[in-house]
Amino acid sequence: MAGGIFSPLGSCSELEKANCHPLVCLLCHEPYQHPCLLDCYHNFCASCLRGRASDGRLRCPLCGHPSVVRGGTGLPPVDRLLQFLVDSSADSEEDVQCANCDRCCTKAELDTMYFCNTCGQPLCAPCREETHRARMFARHEIVSLSKRTKDIHKKCPLHEEPYIMFSTEKKSMLCINCFRDMQGESRAHCIDIETAYMQGCQRLDQAVMAVKELQTSTREAIVLLKAMIEEVRNSASEEEAAINSLFSRMQEQLSERKKTLLKAVQSQHEEKEKAFKEQLAHLASLLPTLQVHLVTCSAFLSSANKAEFLDLGYQLMERLQRIVKLPHRLRPAQTSKINSEYRAEFARCLEPLLMLSPRRSVVGSAGGIGPGITGTNMLPGGQCSKTLMVPSCPPTSDKMSTGPMVKKPTMHRYISTKVLLAEGRETPFAEHCRNYENTYRMLQMEIQGLKDQVQELHRDLTKHHSLIKSEIMSEILQKSLQMDVQIAAHYSAVEMMRSVFEEVWEETYQRVANEQEIYEAQLHDLLQLRQENSCLSTITKQIAPYVRSIAKVKERLEPR
């Protein structure tokens, strides 16, 4: 049958769509056959649960809760209550025939049928009026057909005697023999059937009311969770849209700045390359001139006699001196490093986008979880307490509402303050934090007291549907107004300290910025010295052959 279906049901929403019947199994969708009750109070047919147990445990196909299974059958106990309802439903669907006139009634006429528990026979409405109105039937117990008493519920199976008493201690019906066999102490807990029935109905009504309250709370919780799921979905969509929008704008800004930087790099490259090529052309034209004059000097020394040397030698020396004194650009006028400051430029173009005013987050700074739901509405374990939830009220002070949002949650701020005070430095801000914590703790305790009173009123409204302490409503409102004034005054006092702390923060920030600037300048100077030294080494290597050549010429000139 359905015993081979081992996958759990999808979700509770599937049950709502199915519009299931209370006497129909949720697995096989057929009327219950030997319904079994699990520890989570879900019912299933015995055939649907057979084979599902493992190591003495059976998981509910609906909620997954494990149930302990005892015995060799691997099945939980049969639900007698549900089996009674199933049997009663089956009996009501059978064709009923009046015992007096043999008239068969249809299913639509079952509500008009009666049953005589004394005779043990069904009666139609006319026969009940005609036959059982006689004096001889005055003691007969006539009830509607749906409330007929079966034989199994009439007599004690042990003594075959009718039930006459009910034991509130053992929760079982007693016949006269069962009552006699009981001890004297247990007899004190026995009452007649009618009284037991009335007391049972009252207790059942109380249990039904408790279940109805739980049902109402469950529906409210379901509505709340569905609203929160929708809110989370909307918040995620908004966050994704904001991320995509910001990323697109960042890409646009970075793309534009990239083009600008590449143009700047290309411009620097062209300027430096042009300058270096001009200098290279000048030096390339100078080198043959120097080579020619060196060869001329060598040839003149080897061929001229003393008279010729004295006649033309000084002229050659003046020419060589003038050549040396000409403004030759031997050193590069600029470095070969192209610096576009691209990191700073990229950071500067993203700064307007990354410094936007913070948007409203899903989890607020004060522990809020959603509109009208705060951290005080959540019990340990994640369960939602039955507290009054009202929409978020706008702050009374415009200055408070337009101030900057607190980026750190309350607990994070509390821990950071503790760490700051534990350092032991006596600064104006540390003294301010110490005073603030004392005042904030006092205000928080008073607000918590008001919350407890409002929750008590709300509990009276939801459970008792009445106000037990209606006179404290005006006191709560008055205290709330006073607390609002105190909080606004404390906020103003804290806000007045902003200018004092901003001066200190500005000085600290300026000092840090100066130190960072000096540090970067030191690194830049060292790099520049290293680059100049590298250029010096390169130039030295290039002119070394010419120095050696001139030195040889000088050696030849000095003896003469």
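Arg 348 is partly exposed, with 46% relative accessible area. The model described here is predicted. Arg 348 is a useful place to enter it.

## Salt bridges

Arg 348 forms a salt bridge with Glu 345. The closest N and O atoms of that pair are 2.8 Å apart. Both residues belong to helix H9, which covers residues 342-354. They sit 3 residues apart, about one turn of the helix. Glu 345 is partly exposed too, at 22% relative accessibility. The pair does not stand alone: a network of salt bridges links Arg 257, Glu 345 and Arg 348.

How many salt bridges does the structure hold? The count is 6. Three of them are set out below.

| Salt bridge | Closest N and O atoms |
|---|---|
| Glu 273 with Lys 277 | 3.4 Å |
| Arg 348 with Glu 345 | 2.8 Å |
| Glu 495 with Arg 498 | 2.8 Å |

Glu 273 and Lys 277 lie in helix H7, residues 193-303. They are separated by about one helical turn, because they are 4 residues apart in that helix. Glu 273 counts as partly exposed, with a relative accessibility of 32%. Lys 277 counts as exposed, at 52%. In the pair of Glu 495 and Arg 498, Arg 498 is partly exposed, its relative accessibility being 31%.

## Overall make-up

The secondary structure comes to 14 helices and 12 strands. The protein has 560 residues, and 19% of them count as buried. It exposes about 41400 Å². Carbon and sulfur atoms supply 58% of that area. Consider the contacts between residues at least 6 apart in sequence: 51% of them join residues at least 24 apart.

## A buried histidine in H7

Helix H7 also contains His 293. Is His 293 buried or exposed? His 293 counts as buried, since its relative accessibility is 15% and the cut-off for buried is under 20%. Which residues does His 293 touch, leaving aside neighbours within four places in sequence? The contacts are Arg 319, Leu 320 and Ile 323.

## Strands S10, S11 and S12

Strand S10 spans residues 163-167, and strand S11 spans residues 172-175. The two run antiparallel and are joined by 4 bridges. Phe 166 has Met 173 in S11 as its bridge partner. Met 165 stands opposite Leu 174 in S11. In a regular strand, side chains alternate between the two faces of the sheet.

S10 and S11 form a hairpin with 4 residues between the strands. In this hairpin Lys 171 takes a positive phi near 55°.

S10 also pairs with strand S12, residues 190-192. These two strands run antiparallel as well, with 3 bridges between them. Here Ser 167 has Cys 190 in S12 as its bridge partner. S10 is thus joined to S11 by 4 bridges and to S12 by 3.

## Cysteines without disulfides

How many disulfides are there? The count is 0. Two cysteines show the reasoning.

Cys 175 has its closest cysteine sulfur in Cys 178. The two sulfur atoms are 3.4 Å apart, which means they are too far for a bond, as a disulfide needs sulfur atoms within 2.5 Å. Cys 175 is buried, with a relative accessible area of 0%.

For Cys 36, the closest cysteine sulfur is in Cys 45. That separation is 8.4 Å, so it too is too far for a bond. Cys 36 counts as buried, at 2% relative accessibility.

## The annotated RING-type region

An unreviewed UniProt entry lists residues 25-63 as "domain: RING-type". Over residues 25-63 the chain is 10% helix and 23% strand. The C-alpha atoms at the two ends of this stretch are 15 Å apart.

Note on methods: Residues are numbered from 1 along each chain as its sequence is written. This is a predicted model: local features need pLDDT of at least 70, side-chain atom pairs count only at pLDDT 80 or more; totals for chains, interfaces and linings use all residues. Side-chain values use heavy atoms; hydrogens and water are left out. A salt bridge is a side-chain nitrogen of Lys or Arg within 4 Å of a carboxyl oxygen of Asp or Glu. Buried means under 20% relative accessible area, exposed over 50%, partly exposed in between (1.4 Å probe, protein chains only). Contact means heavy atoms within 4.5 Å. Accessible areas come from the Shrake-Rupley method with a 1.4 Å probe; for residues, only the protein chains shown count as cover. UniProt positions are given in the numbering used here, feature names are shortened, and annotations may be inferred rather than shown by experiment. Two strands pair if DSSP finds at least two bridges between them.
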